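Colleague: Could you take me through the aromatic rings in this model and the nonpolar core they belong with? I would like the cut-offs spelled out as you go.

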Amino acid sequence: TVTFNSNGGSDVASITGLTSGATITKPADPILGGHTFEGWYRNQNLTGKWDFANDTVTESITLYAKWKLNPGTCIVTFDSKGGSAVAKQFITIGGKVQKPADPTLDGYTFEGWYYKEHGLEFVWKFDSYRVWQSFTLYAKWKPIPVSTYTVTFNSNGGSDVASITGLTSGATITKPADPALEGHTFEGWYRNQNLTGKWDFANDTVTESITLYAKWETVSTFTVTFDSKGGSSVPSISVNKGGLVTKPTNPWKSGYSFGGWYKDTSFTDDWDFNNDTISGNTTLYARWYYSYTPPYYYGGYYDSWNNYVYPYQLGIPKTGGMASLLPYVLLSASALCAAIAIKRKRDS
């Protein structure tokens with residue numbers, strides 16, 4: 001393939017499908033205003049003119065157009081100052097420059113083409129100014145003010161949350177610490193007062209100043225009552241639904257040992273303060289173990305089932321004869337009588 005680079009002139013189509021050693025037909029000369037076409041050359045330095053009658057193709061190549069500026073032609077160059085490129089123009093002396101399409105530059109507004117000479121600068125008037133020499137026109141740009149936005153948080157009665165300012169369009173925002181409102185659970189930030197459209201802090205972006213509204217859910221509160229079953233009083237407490245009960249100080253009762261708090265009066269299910277949660281008004285019941293030991297019962301003990309083992313139930317020495325057994329017999333008889341008396345008293 002032979003490709004033609006017209007160096008600013010009119011387009012010239014490539015020639016394809018050539019075999020090695022083929023010659024090529026000279027295409028129609030390209031056109032460039034204010035210039036005379038001087039032929040096709042083998043490289044960009046415009047050395048080695050191509051001879052269409054004798055030169056042959058041995059590989060794919062590009063030929064470059066050579067131009068000569070016509071007498072009386074001026075070159076007007078456009079410096080877009082970082083904006084999109086604008087092609088130069090070749091103007092006959094006394095002619096007018098054609099106003100090109102405005103260049104573009106992100107973040108700026110184009111304000112026109114300016115001519116600079118001897119420290120002076122003025123806007124070029126394409127409809128009236130004429131060209132008498134080659135020169136450059138310079139683009140003038142005005143920065144577009146960057147709009148910033150504010151996100152305000154309406155906590156709907158909760159603790160204050162500071163606004164976020166200085167946001168640009170398309171920015172995401174960092175989720176602030178949740179506000180607090182006694183007796184309520186925070187449910188998130190929403191786009192409007194009707195609390196529809198929850199704000200997604202990971203993906204939603206700011207395009208204008210907005211207010212986000214807190215959504216709250218009322219927390220149900222229940223009363224936990226402690227029935228000490230004759231022991232010292234333990235005040236009731238309020239606990240949020242799903243919350244844990246704070247274990248109170250143990251009550252006391254003369255002659256008894258406190259055995260914990262239970263969910264029922266049958267004392268079959270004890271309350272686990274570390275794991276059990278509140279779902280409604282609750283009463284917990286104190287369990288007591290009788291712990292009074294009369295003086296004449298000293299020597300006995302409580303077994304693992306909280307049953308008192310009286311002295312007469314203790315082992316009897318197996319040596320020493322009848323005389324050595326007499327004190328134990330008398331002690332056991334006394335203990336038995338006392339136990340019967342106490343039992344009758346308790347049953348009554």
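Modeller: Happy to; here is a close look at the aromatic residues and the core. This is a predicted model, in which local features need pLDDT of at least 70 and side-chain atom pairs count only at pLDDT 80 or more, while totals for chains, interfaces and linings use all residues. Residues are numbered from 1 along each chain as its sequence is written, and side-chain values use heavy atoms, with hydrogens and water left out.

For orientation, the protein has one helix and 18 strands (DSSP runs numbered from the N terminus, with H or I of at least four residues for helices and E of at least two for strands). Of its 348 residues, 31% are buried (under 20% relative accessible area, with exposed over 50% and partly exposed in between, using a 1.4 Å probe and protein chains only).

Now the rings. There are 20 aromatic pairs in the structure; rings of Phe, Tyr and Trp (its six-membered ring) pair if their centres lie within 6.5 Å, and planes under 30 degrees apart count as stacked, over 60 as edge-to-face and the rest as tilted. One of them joins tryptophan 124 to tyrosine 129, edge-to-face, at 5.1 Å centre to centre and 80 degrees between the planes. Tryptophan 124 is buried, at 8% relative accessible area, whereas tyrosine 129 is partly exposed at 27%. Tyrosine 262 and phenylalanine 267 also pair edge-to-face, with 5.5 Å between centres and 85 degrees between planes. Here tyrosine 262 is buried at 11% and phenylalanine 267 partly exposed at 24%.

Trp124 and Tyr129 belong to one aromatic cluster with Tyr115, Phe122 and Phe135. Phe135 leads us on to the largest nonpolar core, which has 16 residues; Phe135 is among those touching the most other members, together with Val76, Phe78, Val97, Trp113 and Leu137. Such a core is a set of buried Ala, Val, Leu, Ile, Met, Phe, Trp, Tyr and Cys residues joined through side-chain atoms within 4.5 Å. Strands E4 (73-79), E6 (108-117) and E8 (135-143) each give two or more residues to this core, and E8 supplies the largest share, four residues.

Valine 97 ties these threads together: beyond its neighbours within four places in sequence, valine 97 is in contact (heavy atoms within 4.5 Å) with Val76, Phe78, Gln89, Ile91, Trp124, Phe126, Val131 and Phe135. Apart from the largest core lies another, of 15 residues, including Val151, Val161, Leu167 and Ile173.
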